[in-house]
Amino acid sequence: MNKITTLVTVALALGTSSQVQAQWSDSGFGGREEVSYQAFFPAGKVKSYLGNGPLNGISWTHQLTPPPSVGLGRTLFLDWAGTGGDTPRNFLAGGLGVQSQLKLGTEGTTANIGGGIGWYGTFRSGSGFDPGRQNGPIARITAGLRVTGNLIVEGAYFRSLRASDGLEGTGLRIGLKF
């Protein structure tokens, strides 16, 4: 793909996503949902169970209260990633968090940072007793951009709140806010 084709594709994607954003906002959703493709890279003790990664999955965030221009908004989050295959190994985390944003320029682009506390679980689908399964409290930190207000490019860091668990991981996300 040459540079011109790439630029045209990006321009069309931005225009289409802006149109979708406007339609969803008019329908009463108000731009409070964020859905992203997520690549999750496990680290620490859980790496021996989940593998080197990346695991592929979905990240969903609902803004309970949108972040104001100064201050924090409250969020609800759910992150899932899995290895696929015959007996896929999965990572699932969910909880409550906060999110703040900083406006960059006049085109609706913002820098966002957030954090949350919740519960996580690792499990293998389709098997009975799963000796590698872990679960417990987790903290999540996110940082990224909302381009033209609705395209998401973001990174996340997860860490278990129990030191003995040894769960750590990072996620990279690309998605839409609607």
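Colleague: Which way do β5 and β6 pair, parallel or antiparallel?

Modeller: In this predicted model, β5 and strand β6, residues 134–147, pair in the antiparallel sense. The pairing runs over 13 bridges.

Colleague: Which residue in β6 does G118 stand opposite?

Modeller: G118 stands opposite I138 in β6.

Colleague: And what about β4 and β5, how many bridges there?

Modeller: There are 16 bridges between β4 and β5. Strand β4 covers residues 89–104 and strand β5 covers residues 109–124, and the two are antiparallel. As one marker, G97 has G116 in β5 as its bridge partner.

Colleague: How many residues sit between β4 and β5?

Modeller: Four residues lie between β4 and β5, and the two strands form a hairpin. G105 is in the turn, with a positive phi of about 80°.

Colleague: Let me step back. How many helices and strands does the protein have?

Modeller: The protein has two helices and eight strands. Read from the N terminus, the order of elements is α-β-α-β-β-β-β-β-β-β.

Colleague: Now the earlier strands. What does β1 do with β2?

Modeller: Strand β1, residues 33–44, pairs with strand β2, residues 55–63, in the antiparallel sense over eight bridges. V35 has W60 in β2 as its bridge partner.

Colleague: And how many bridges join β2 to β3?

Modeller: Eight bridges join β2 to strand β3, which spans residues 73–82, and these strands run antiparallel. Here T61 is matched with F77 in β3 as its bridge partner.

Colleague: Anything over the ring of F77? What lies over its face?

Modeller: R140 lies over the face of F77, at 4.1 Å from the ring centre. There is also R89, whose charged end sits over the ring of Y49, 5.6 Å from the centre of that ring.

Colleague: Change of topic: how many aromatic pairs are there?

Modeller: The structure holds three aromatic pairs. One of them is F40 with F91: the ring centres are 4.3 Å apart and the planes are at 10°, so this pair counts as stacked.

Colleague: Where in the chain are F40 and F91?

Modeller: F40 is in strand β1 and F91 is in strand β4, 51 residues apart, and the pair links distant parts of the chain.

Colleague: Are those two buried or exposed?

Modeller: F40 is buried, at a relative accessible area of 0%. F91 also counts as buried, at 0% relative accessibility.

Colleague: Why is the pair of F91 and F158 called edge-to-face?

Modeller: The planes of F91 and F158 are at 75°, so the pair is edge-to-face. Their ring centres lie 5.3 Å apart.

Colleague: Which strands does that pair tie together?

Modeller: F91 lies in strand β4 and F158 in strand β7, residues 151–160, so the pair ties together parts that are 67 residues apart in sequence. F158 is buried, as is F91. Ring pairs link F40, F91 and F158 into a cluster.

Colleague: Last bit, the whole protein. What share of the residues is buried?

Modeller: Of its 178 residues, 37% count as buried. The protein exposes about 9500 Å², and carbon and sulfur atoms supply 65% of that area.

Colleague: And what share of the contacts join residues at least 24 apart?

Modeller: That share is 54%, taken among contacts between residues at least 6 apart in sequence.

Note on methods: Residues are numbered from 1 along each chain as its sequence is written. This is a predicted model: local features need pLDDT of at least 70, side-chain atom pairs count only at pLDDT 80 or more; totals for chains, interfaces and linings use all residues. Side-chain values use heavy atoms; hydrogens and water are left out. Two strands pair if DSSP finds at least two bridges between them. Buried means under 20% relative accessible area, exposed over 50%, partly exposed in between (1.4 Å probe, protein chains only). Contact means heavy atoms within 4.5 Å. Accessible areas come from the Shrake-Rupley method with a 1.4 Å probe; for residues, only the protein chains shown count as cover. Rings of Phe, Tyr and Trp (its six-membered ring) pair if their centres lie within 6.5 Å; planes under 30 degrees apart count as stacked, over 60 as edge-to-face and the rest as tilted. A charge sits over a ring if NZ of Lys or CZ of Arg is within 6 Å of the ring centre and within 35 degrees of the ring normal.
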